[in-house]
Amino acid sequence: MNWSAFWLSLQVAAVATVCIMSIGLPLALWLARTNFPGQTILETILMLPLILPPSVVGYYLLLALGRGSPLVEWFHIRLLFSWPAAVVAAVVVGLPLMIQSSRAALANVDPRLEQAARTLGAGELRILMQITLPLARRGIIAGIVLGAARALGEFGATLMVTGNIPGRTQTLPIAIYDAVQAQRYQDANLMVLVMTAIAFVGLWWVRRLERSPEAVTPLSEVLQNDQEATAIVR
Amino acid sequence: MTRKQPQLYVDIRRRFPHLTLAIQLQVGAEILVLFGPSGAGKTQTLQAIAGLMTPDEGQIILDQTIFFQRRPGLPSINLPPRRRRVGYVFQHYALFPHMTALENVAFPTGNDAQGRRHAYELLERMNLAHLAHRKPHELSGGQQQRVAIARALATESPILLLDEAFSALDQPVRDQLHADLRTLQAERGLVVIYVTHNLDDAFAVGQRIAILREGQIEQIGTLDAVCRFPANTRVARMLGLSNMIKGQVVAVELNRLWLDWNGVRIEATCPSPAPTVGSQVTAFVRSEEIRLVYPDRPLTRFVDHNLLSGRIVERRPGRRLYHVWVEVGTTMIEIAHPYTAYTGLDTSIGQVVQIGFRPESVVIIPEAGRLITTQQPVAQPISEYRR
């Protein structure tokens, strides 16, 4: 078991999760609430890291973080081959999961509840904090958990932007790859088990969130016809 | 409480792709029913008052407070919904599912001790105190709607808007809520606007009724006045008046009027203004005001006018009355009578019978035009206002 890789992975995943939350939630809210030309294109671009080969994502990140990029040339921030680069890679691949899940949950909040809150004297911030976010919390939490799990497991893009420096940039997935390459199977087995356990617990929790009884809309509500009530025109 | 009678004045226009809304209303402390088919603009009118929809132009004024104003030459005002704080009750309750009944009602009052006490009092008023700590999904539909009404009252607004609020509920629950609503209105002097597409609901709760069609008010007045003097044939049909007769005025005399209907003389009370002799008019006779005539008995005063002969073509039991259709000439006349009436008369299909109705039962409708029988004065210009 490579403990330095384990702790580094946790550190990267923790920082990445904070970033995923603070970037993903406002973005999901914005995407759920507005319609603008080119929205589909933007959403597609945000989802791309889910589908693209990690090497392609890694290559884009090399371009974005490497020499010649605005980050380096204007701000003199050099991230390549350091652990923050792994955070960037983890955020890029974890964000789509966070956005997708929380966006769906936010869009699912009945706009009539927000309308009702408005007529009851609530401002937009109060509606967001007391109505919208609490009602979408399951989807948001699921998005964070999925994003965090994905961040923890990121391998391909991370390898390309951080390299494989044991003790400095070697995360757990890379350490596993390394162990297998060097035929240290016992090491690999343990680390694989740890990764699997973390992933299992994360997914199991998300499933439980989705299946808990309160999350289910009462059938009677679904069956009642909406008629004019849906004709909420702004 | 010495609050003076609230007055809500609404005069708005808004163009939608399939509808042009042009509504003018003046509502005091009363229950006004907005009645009309789906898509007539009822919900949009409520949304405009609550601030959830912005009209293209017009004014919405509650007492001295201008909710909305967009008129040439006047300053533009559009208060957001949270500053209008009108009580709004939605068809599907729109209770916050993650809060208890008490927390829902305390949402507008604030969740401090005083706000919660006030919310609890409102729940008590709605006979729901024992359910204060239940979540909405643990309540029945009628209970949920009571919570929603309590929550709307918690805004302390003199306005209560109900948008098809009871239409998803069973009839007995609905009857109870209608009774409660009438009491609440009287108790608190509320301006209540009750939207429905159900005629029974309109009669159960309304004092005045505004009949909407395609974004405009066809007629507004007391239920009694609108039923007695429908402004036009569309209103008459929407009010469920059957038995339409088209005829020519052949004589007018003081408060009597005679129609020629396919060669049959029909006597009616004369509406005001009186139609001119020779003009075409449409008349309705309510199905429950037409009697069958016993051939072997003397004529009562109910049937000594307008005696017609026809053949029974159909008979059906109804919810409250028994329905018989009689073909008079080429016109089908519907008669509704109590279940126990005419037991001594053969009303089987194919029988030829005599029918009769009083002149007072004939409702004459002007052929064209939109008559608004409003008793309310036109809005006075408002010189002072606060924002």
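**A guided tour of chains A and B**

Begin in chain B and select the open sheet of five strands, whose order is β14-β13-β12-β15-β21 with antiparallel pairing. At its edges stand β14 (264-269) and β21 (362-365) of chain B, each of which pairs on one side only. From one strand to the next, the twist averages 45°. The model on display is predicted.

Narrow the selection to β13 (residues 256-261) and β14 of chain B. Six bridges hold this pair in the antiparallel sense. For a single cross-strand position, display B:W258, which stands opposite B:E267 in β14(B). In general terms, strands of a sheet pair through backbone hydrogen bonds, in either a parallel or an antiparallel arrangement.

Next, select the other open sheet of chain B described here, in which five strands follow the order β16-β20-β17-β18-β19, again with antiparallel pairing. Here β16 (291-293) and β19 (331-337) of chain B are the edge strands; each has a single partner strand, so one side of each is left without a neighbour in the sheet. The twist in this sheet averages 50° from one strand to the next. To inspect one edge, show β16(B) together with β20 (residues 352-356) of chain B: the two run antiparallel and are joined by three bridges. Within this pair, B:R291 stands opposite B:G356 in β20(B).

Now colour chain B by domain. Domain 1 comprises 8-86 + 157-229, and domain 2 comprises 236-365. The C-alpha centres of domain 1 and domain 2 of chain B are 35 Å apart. Where they touch, domain 1 of chain B contributes six residues and domain 2 of chain B contributes five. On the domain 1 side, select helix α8 (residues 223-228) of chain B, which gives the most to that contact, with three residues. By class, the domain 1 side has five nonpolar residues, no polar residues and one charged residue.

Move to the boundary between the chains. Here 22 residues of chain A are in contact with 25 residues of chain B. On the chain A side, highlight α6 (111-119) and α7 (124-135), each of which supplies at least two residues. The greatest contribution on that side comes from α6(A), with six residues. Classified by type, the chain A side holds 11 nonpolar, six polar and five charged residues.

Continue within chain A to α8 (137-153). This helix has 17 residues and reaches 24 Å from its first C-alpha to its last, close to the 24 Å expected at 1.5 Å a residue. The helix α8(A) is mostly covered, with 15 of its 17 residues buried. Is A:I141, a residue of this helix, buried or exposed? A:I141 is partly exposed, because 16 other C-beta atoms lie within 10 Å, whereas a buried residue requires 20 or more. Add A:V206 to the view: the C-alpha atoms of A:I141 and A:V206 are separated by 7.9 Å, although the two residues are 65 residues apart along the chain.

Finish at helix α10 (residues 172-181) of chain A, where A:L172, A:P173, A:I174, A:A175, A:I176 and A:A179 are buried. To see their surroundings, display α1 (3-33), α8 (137-153), α9 (156-162) and α11 (185-211) of chain A, against which the buried residues of α10(A) pack. The last stop is A:Q183, just after α10(A), which takes a positive phi of about 60°.

Notes:
Residues numbered from 1 in each chain as written. Chains lettered and ligands numbered in written order. Predicted model: local features only at pLDDT ≥ 70, side-chain atom pairs only at ≥ 80, totals over all residues. Buried ≥ 20, exposed ≤ 12 C-beta atoms within 10 Å, placed from the backbone. Helix = DSSP H or I, 4+ residues; strand = E, 2+ residues; numbered from the N terminus. Contact = placed C-beta atoms within 7 Å. Nonpolar A, V, L, I, M, F, W, Y, C, P; charged D, E, K, R; others polar. Expected span 1.5 Å × (residues − 1). Pairing = 2+ DSSP bridges. Axes fitted to C-alpha atoms, helices over the stretch in contact; angles between N-to-C directions. Domains from an automatic or database assignment.
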